[in-house]
2 protein chains.
Amino acid sequence: MDAHDDNLATGTLLEEQREARLDEDDRLRPQFVEAVRDALEAGDDTLAHDLVEPLHPADIADLFELFGRDERPALGLAIAELMSGEVIAELNEHVRDELLEDLSPDAVAQIAGQLETDDAVALIEDLDNADRDAVLAGMAAGDRAAIENALSFPEESAGRLMQRDFVAVPEHITVGDLIDFLRENTGLATDFWEVFVVDPAMRPIGTCQLSWILRTPRNIAIADVMKRDQTLIPAEMDQEEVGLRFQKYALISAAVVDRSGRLIGQITADDVVHIMSEEAGEDALLMSGAGEGDINQPIRQSYHERVRWLIANLGTALLASFIIAMFEDAIKTLVALAVLMPIVASIGGNAGTQTMAVTVRALATNQITKSNTRRVLWREMRVALLNGVTVAILVGIGTALVFTPLLGLVIAIAVVVNIITAGIIGMVVPVIFDRLDQDPAVASSVFVTMMTDSMGFFAFLGLAVASGITG
Amino acid sequence: MDAHDDNLATGTLLEEQREARLDEDDRLRPQFVEAVRDALEAGDDTLAHDLVEPLHPADIADLFELFGRDERPALGLAIAELMSGEVIAELNEHVRDELLEDLSPDAVAQIAGQLETDDAVALIEDLDNADRDAVLAGMAAGDRAAIENALSFPEESAGRLMQRDFVAVPEHITVGDLIDFLRENTGLATDFWEVFVVDPAMRPIGTCQLSWILRTPRNIAIADVMKRDQTLIPAEMDQEEVGLRFQKYALISAAVVDRSGRLIGQITADDVVHIMSEEAGEDALLMSGAGEGDINQPIRQSYHERVRWLIANLGTALLASFIIAMFEDAIKTLVALAVLMPIVASIGGNAGTQTMAVTVRALATNQITKSNTRRVLWREMRVALLNGVTVAILVGIGTALVFTPLLGLVIAIAVVVNIITAGIIGMVVPVIFDRLDQDPAVASSVFVTMMTDSMGFFAFLGLAVASGITG
């Protein structure tokens, strides 16, 4: 067996062991989680530790989250030595906050000191002021200064996200100079993907992918290798926009600049992947009124976030009730109206939610601008008309057969009216929110449902009365 | 003015020109779009071309999308020379398909030949078989083979996404050997971020960031610089899982392997950012029944995607109507029941949607596994109980004041019952879909609304009758 076979054998073994712990989607297998739980319950901390040790920090963080709140302290004790800063940084923020609550400021300071600035900031930014100051006081001066600087930028901005370690060089040096510089200076960043070329005032004038440097002879000037046309990120830019900019221009890393245009940090695509995944589900959660919608949130917080929207929904439902109350006599005369009216409201609500989801998405990806709003609205209205007529024919025929042809006609017209209303409202409400610089996902749902419910009942009951069907 | 000031002036000028075209969120300004439109309408193609020329390919693609369908051919003609493969690759797929329809297979083949394999595949994969074969026949043999190989993997898999250009080296070479190899072989990939170290059978045994290579003396062996513990991507892996894996392990690039473990390509974080952004809005759109929900879709396709769910919704609304019909006599006696019943259904629907959005999100990020399903369900039920009691008190008191205390009690109990039902259904339905390997976002909404509507009407009307309030 030569060295190569050895390697191969090790590789396969590692892979097999990994598969015993993780399924094909990188989720910890229930059997593995049970094994750790059993070890802890049997008081065998050594076994628990040995089981957990081979895991990647991100998987150790997952294990913590899969355990119940009451089980986590025991796990933490058993694997204390494995609870590196990296594991802490990977933890869901609610689970992490709960864990940090039990630690002294000095212990938190020690963990924060192990982390890159952006992770340390994430750890510290949610603490209250007194705790934050105590933790910062326990840190080394350099780390503290970096974190305080990061905290001076708005939440979720590029300034909080960026790494302060990067490689910047003047444009007059050669590829050879650069390589020598990198080899000789051990204090430099170890993980970087591009070198930034700056003027004497630290303003970026170009970017150089490491692969271009590696492929270029030593005597060529950096200025001849670098790309001058570069995408800079202002430190105040919101992280969602940072994500869109990375996506649009297919970036791997980008220089972050302050207001005077000086290079102060870099953002890399792995951080952007993290942000995108955070922002990914946000719109669906916001539209449903589920707030942050994290299953690790304290129950009290989930309750507060959600009950607000249920109460708002109660308000809109009341409006619908008032409208129905206006037609009490008609319903008493023809109780079929009460039987059929939820159909009109429900279909309208569904159609409105569809249009709203499409609009919110298009706004989030910068696909709707003032240049095409009217065209997109016209498009949505045509889709609504097609949908409305299709559903109206089905409902109308069904109602005509079960009740009377006139009632069939009434409900058919009401459905068309309500689906077209839904199409307009579902597009216009999020666009108005966006123009007012509000998040279009947040309150759109309440407004859209309010309009489709009210319009549904009003159109159906009003047309019924107007048709003379109620006598 | 020395060279440095020159540079600075150029930089500032470029930035100012950029700002005249794009707003702070990288959206093309309406004034700019109007200027291009005016030039085209005035027949001044040269002006239109000159306006568009400085734009990044991604922005040219945006411009196309902002123009109406009928205006696009004129724009395409005026800026034909700027319509590089990169612009075509950046176009929304529907806009691109519409554009390609007018081109000959040879022209499409020529565009595809300019692109990286993954972009060329995206261009070709939606064509029907005859068109696809005609385009492939027009391509160079090497490009054709790469695309045919990519097409042999499932849609949205790593095999379709990966780039076939990468740098792989044997482990016995030194850093100096590697740098010389990269400098001498001009045919290699130009954009890469990591070098893969492979055994003689092309199986990856380690990964080496370019920054590590640049920081290491020439005489050190690659084997001593590389990281052995690496994250490999099977070519069959779904792109959504690829995204989660990149996110979990903070990757910049990763080796893609075939079933026998041989290195066949690489995926880089910029592609993953693209996928994440595609998948980002998907759940919100699917849950609302808006299908793909792209504003550039042909209207007929949007109609087909959405009307299905409206018809499904009609089915569930019918069930609710049947339940109401069972209580016709009660409603006739006490028409207040018809006035109040939509409140119970509406609040339940909202609560169900909240829980469903939270569950779908947690499933999508692998946060719910068999290890914690029961705990999360219990958590959701407690949140539902808190929400239910709060809303029930408000509704109950209001109803008691406007109508009768007994009716207030009836509606309060119905609200609690329906919100708890919503909490259970909103969690259980997506989890069951997930266990059955179905996308939990797709049909959950219809089931959840069906249950909350039916349960809302049944609980309220049934309790009203049982209470004797209807005489």
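**Entry 1. Domain 1 against domain 3, chain A**

I looked first for polar contacts across the interface of domain 1 of chain A and domain 3 of chain A, and the rule gives one residue pair, both at pLDDT 80 or more. A polar contact here is a pair of N or O atoms within 3.5 Å; within protein, one must be able to donate a hydrogen and the other to accept it, and residues adjacent in sequence count only if both atoms are side-chain atoms. On the side of domain 1 of chain A that touches domain 3 of chain A, I noted one nonpolar, two polar and two charged residues. In this classification Ala, Val, Leu, Ile, Met, Phe, Trp, Tyr, Cys and Pro are nonpolar, Asp, Glu, Lys and Arg are charged, and the others, Gly among them, are polar.

The model is predicted: local features need pLDDT of at least 70, side-chain atom pairs count only at pLDDT 80 or more, and totals for chains, interfaces and linings use all residues. Residues are numbered from 1 along each chain as its sequence is written, chains are lettered from A and ligands numbered from 1 in the order in which they are written, and side-chain values use heavy atoms, with hydrogens and water left out.

I found zero salt bridges across this domain interface; the rule asks for a side-chain nitrogen of Lys or Arg within 4 Å of a carboxyl oxygen of Asp or Glu. Five residues of domain 1 of chain A are in contact with five of domain 3 of chain A (heavy atoms within 4.5 Å). The two domains bury about 370 Å² between them, with 42% of it on carbon and sulfur atoms. Buried area is the accessible area (1.4 Å probe) that two parts lose on being put together, summed over both. I recorded 45 Å between the C-alpha centres of these domains. The assignment, automatic or from a database, sets domain 1 at 3-158, domain 2 at 168-280 and domain 3 at 293-466 of chain A.

**Entry 2. Chain A against chain B**

I then turned to the two chains, where 145 residues from chain A and 145 from chain B take part in the contact. The area buried between chain A and chain B is about 12,500 Å², and carbon and sulfur atoms give 60% of it. A:Leu214, A:Arg215 and A:Ile295 supply 7% of the area that chain A buries against chain B, more than any other three residues.

Across this interface I noted eight salt bridges and 52 residue pairs in polar contact, both residues at pLDDT 80 or more. Helix H20 (residues 336-364) of chain A gives the most to the side that touches chain B, with 17 residues. Helices (H or I, at least four residues) and strands (E, at least two) are DSSP runs, numbered from the N terminus. By class, that side of chain A has 71 nonpolar, 37 polar and 37 charged residues. I also looked up A:Lys248, which forms a salt bridge with B:Asp59, the closest N and O atoms being 2.4 Å apart.

**Entry 3. Annotated spans, chain A**

From the unreviewed UniProt entry I took "transmembrane region" at residues 309-327, 333-363, 384-403, 409-433 and 445-469 of chain A. Such annotations may be inferred rather than shown by experiment. Residues 384-403 of chain A are 95% helix and 0% strand, with end C-alpha atoms 27 Å apart. Residues 409-433 of chain A are 100% helix and 0% strand, with end C-alpha atoms 36 Å apart.
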